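Colleague: I should like to go through one helix and one sheet of this model with you. Please state the criteria as they arise.

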Amino acid sequence: MGFYSVVKAIVTKDNITIKSSYKNRLENHNPICTDGVYPEDNEVLNTARFDQLLIEFDISSFSTRNDGTESLNGEKVHLPVDEIKDVLNRVKAAGKTALIRFAYDPNFEGDGKTRDVEPEDFGLILTHVEDICEAVKDYAPVLTGIQCGMIGPWGEMNFTTYSKKMKKADFEKYDYDFELELDSIPDKNDEYIENGYLVLVMRKFTKELEANNCDVPLLVRQPRFIYDYIKRRNSDFDFDCENVPALYKPDSSDKEFYRLGLYNDGYLGSESDSGTFTIDRAQETAFMEAFTNHTPYGGELIGNYNLKSGNCNSMVEMFTNHLSVLNIGYKESVFRELNKFNYKNEPAFKYLIKHMGYRYVLTDVLLEYPENLSEMDINLTFINNGFANLPYHRKKVMTVLFEKDGEIVFEKKDPNLVFDGKDKSFVLNTSKLPEGSYAIYLKISDFDGNYPIQLANKDLWNSDLKATKIGEISK
């Protein structure tokens, strides 16, 4: 959560090449803005190395429209699954996490705004989605989310033939268990499916991720795509293509809809976020809150819509849409404007840093135990001051550590001690704890100890243990 650095990867049939200027971002950590000020020097930005990445996989060589190859000896050319895994392994080894996006747009330069860049065989796109899901199936802890991409300039699912209406007959060729209910007397629009190609790509992703037991968010470019998707999958959904549908709360037990969310690369560019919201910003933000409250939301900040006004409405809205990720390198001029005015008695940019993503604070600790310390009741109270929550797929457990003279002498990890930001009470059996004085720490991490959460409490974090001090005790 928070700022991310971009890594560009060129994919060919046999390998993946990370552009040289981006290689260090995969391994090194060199954050900026620790003083709460966005830098004026672009060279400082170029050396930033954050723990959160967006990896843009350029798969343009797999489209004949880019002079690439779509088939070999009559067989569709697959993406190099093992090479994609190697990239994700490098992310994992560095202790980083990543958003990932695949697109046929050469160099992610937006060339698709003037021509189609995707394979002429739409079925090949669906085959490549299968390859992606096969590659990522064991990397859910590494992935912040998959940006659906695939189609359009920059992989933003627009400006291409495949982002237009799709003929019903063509849709049925690739019908992945959709049920179409058309009127018995069709009108002229019944022969077309709104955003049909995009809906099929989304469905292929959700189906393959489920088949591979890979529980990660799938993020799309516009709420409209989610409306059209649900409409195709749920005949009771009331989207009429002109009005924002009634609020819809996805069920956490149904990952097909629950995993859906947004990436917004037009963030605050205008009232519509440069085309993100196609009907009504306020209504669509309200609709999406039931999705963004548990999936990562954000992208590229390209404007200052409603940020310069006295009430900073867009800063308030960040709590509603649960802003959690932004590209540190775009758009520099807008970030620098945030250095220049205050919000809630501090520079707006500093406020943004402190609240983007989740910001969990331990507000109260109660340790209860008998004189012989045979057991300990631990009661913890948390609050979240951030815009966002812990994404639903981040499975975190709590480990209690007893430290004495620099050594861990007692450790209790219980898979049932799941951290969700809510208050927790549990009992530890400490009867075998030797006599002595101890510092007690709480570690919140994946079950294997990786990807720990640092609570926002001041002066309590132990960087060696990756844990927060919650008390001291003697036996």
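**Helix 3 and an open sheet**

Modeller: Helix 3 (residues 81–93) has 13 residues and reaches 18 Å from its first C-alpha to its last, close to the 18 Å expected at 1.5 Å a residue. The expected span is 1.5 Å times one less than the number of residues; helices (H or I, at least four residues) and strands (E, at least two) are DSSP runs, numbered from the N terminus. The model is predicted: local features need pLDDT of at least 70, side-chain atom pairs count only at pLDDT 80 or more, and totals for chains, interfaces and linings use all residues. Residues are numbered from 1 along each chain as its sequence is written, and side-chain values use heavy atoms, leaving out hydrogens and water.

Colleague: Which residues are buried in helix 3?

Modeller: Buried means under 20% relative accessible area, exposed over 50%, partly exposed in between (1.4 Å probe, protein chains only). In helix 3 the buried residues are Val81, Ile84, Lys85, Val87, Leu88 and Val91.

Colleague: Why are they on the same side of helix 3?

Modeller: The arc is taken from the directions from the helix axis to the C-beta atoms. The buried residues lie on the same side of helix 3 because they cover an arc of only 160°.

Colleague: Which residues are exposed on the other side of helix 3?

Modeller: The buried side holds Ile84 and Leu88, among others. On the other side of helix 3, the exposed residues are Asp82 and Ala93.

Colleague: In what order do the three strands of the open sheet run?

Modeller: Strands pair if DSSP finds at least two bridges between them. The pairing in this sheet is antiparallel, and the order is 17-18-21.
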